[in-house]
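Work through the exercises below with the sequence and the coordinates at hand. Each task is followed by a solution in steps.

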Amino acid sequence: KAAINSVGTPYPTGCTNAADGIKKAREELLGPRKRADAARFVIFLTDGLPNYPQCSSCPSNPGACPAAMSAAVSEATTAAGSSIVIYTIGLGAHVDHAFLQDVADITGGEFFYAPSASDLQAIYRTIFERIQLRLTQ
């Protein structure tokens, strides 16, 4: 909880590998443990500034990397091809809203912005309601 609360001031530190996060979620939903009757949803929580592995200087460059963003969008496109819906949550003050909106749009999901960790509970509740609605339609 403390680590989440520290995100975004003034910039997140470290590396964000958004593409691999999306890929791992897709592999889990389609892998050997999958259930044929299960709905395929991913909730993707991030600082919204992908910069790894395409930009190896990520610790010294806190901003997003266009190549890393492109790789994440490519992974979202692959997920969409497998009927996986991604709900994106951007946490912190320096989220790239357009990037996370693109990832959500590609898959038929939705983007949510959380300026701070205290916003997450309401966002998760809303996502839960959206998923319930999709499952009952």
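Contact here means heavy atoms within 4.5 Å. The model is predicted.

**Exercise 1. State what covers the buried residues of α4, and on how much of the helix these residues lie.**

Step 1. Helix α4 spans residues 97–107, and its buried residues are F99, L100, V103, A104 and T107.

Step 2. Seen down the axis of α4, these buried residues fall within an arc of 130°, so they line one face of the helix.

Step 3. Under the contact criterion, the cover over the buried residues of α4 includes the helices α2 and α3 (66–81) and the strands β1, β2 and β3.

Step 4. Now take the two ends of the helix. At the N-terminal end, D96 acts as a cap of α4, with a side-chain oxygen 3.3 Å from the backbone nitrogen of A98. Just after α4, G108 has a positive phi of about 80°.

**Exercise 2. Describe the order of secondary structure along the protein chain and the extent of burial.**

Step 1. Count the elements: the protein chain has 5 helices and 3 strands.

Step 2. Put them in sequence order, which gives the pattern α-α-β-α-β-α-β-α.

Step 3. For burial, 36% of the 137 residues of the protein chain count as buried.

Step 4. For contact range, take the contacts in the protein chain between residues at least 6 apart in sequence: 64% of them join residues at least 24 apart.

**Exercise 3. Give the strand order of the sheet and find which strands stand at the edges.**

Step 1. The sheet is open, has 3 strands in the order β1-β2-β3, and pairs in the parallel sense.

Step 2. β1 and β3 (111–114) each have a single partner strand and stand at the edges, so one side of each lacks a neighbour in the sheet.

Step 3. On average, neighbouring strands of this sheet are turned by 20° against each other, direction ignored.

Step 4. Strand β2 (residues 85–91) pairs with β1 in the parallel sense over 6 bridges. Within this pairing, F44 has T88 in β2 as its bridge partner.

Step 5. Helix α2 (residues 18–30) packs on the sheet and touches β1 and β2, and its direction makes about 155° with that of β1.

**Exercise 4. Decide whether T46 is buried or exposed, and list what it touches.**

Step 1. Locate the residue: T46 belongs to strand β1, residues 41–46.

Step 2. The relative accessible area of T46 is 8%. Buried means under 20%, so T46 is buried.

Step 3. Leaving out residues up to four places away in sequence, T46 touches T16, I89, G90, L91 and L100. One of these, L100, is among the buried residues of α4.

**Exercise 5. Examine three salt bridges and classify the accessibility of their residues.**

Step 1. Side chains of opposite charge can pair when their charged atoms come close. A search of the whole structure finds 4 salt bridges.

Step 2. One of them joins E75 and R26, with the closest N and O atoms 3.1 Å apart. This pair links distant parts of the chain, since E75 is in helix α3 and R26 in helix α2, 49 residues apart. Both E75 and R26 are buried.

Step 3. R33 forms a salt bridge with E28, and the closest N and O atoms are 2.4 Å apart. R33 has 64% relative accessibility and counts as exposed, whereas E28, with a relative accessible area of 40%, is partly exposed.

Step 4. E110 and R130 meet through their side chains in a salt bridge of 2.9 Å, N to O. Distant parts of the chain are linked here too: E110 is in the loop between α4 and β3, and R130 is in helix α5 (residues 120–136), 20 residues apart. E110 is partly exposed at a relative accessible area of 24%, and R130 is partly exposed at 32% relative accessibility.

**Exercise 6. Place Y52 in the chain and state how far it is from C15 in space.**

Step 1. Y52 is in the loop between β1 and α3.

Step 2. With 36% relative accessibility, Y52 counts as partly exposed.

Step 3. Y52 and C15 are 37 residues apart in sequence, and their C-alpha atoms are 5.7 Å apart in space.

Terms used: Residues are numbered from 1 along each chain as its sequence is written. This is a predicted model: local features need pLDDT of at least 70, side-chain atom pairs count only at pLDDT 80 or more; totals for chains, interfaces and linings use all residues. Side-chain values use heavy atoms; hydrogens and water are left out. Helices (H or I, at least four residues) and strands (E, at least two) are DSSP runs, numbered from the N terminus. Buried means under 20% relative accessible area, exposed over 50%, partly exposed in between (1.4 Å probe, protein chains only). Two strands pair if DSSP finds at least two bridges between them. Axes are lines fitted to C-alpha atoms, for helices over the stretch in contact, and angles run from 0 to 180 degrees between N-to-C directions. The arc is that of the directions from the helix axis to the C-beta atoms. A polar contact is a pair of N or O atoms within 3.5 Å; within protein, one must be able to donate a hydrogen and the other to accept it, and residues adjacent in sequence count only if both atoms are side-chain atoms.
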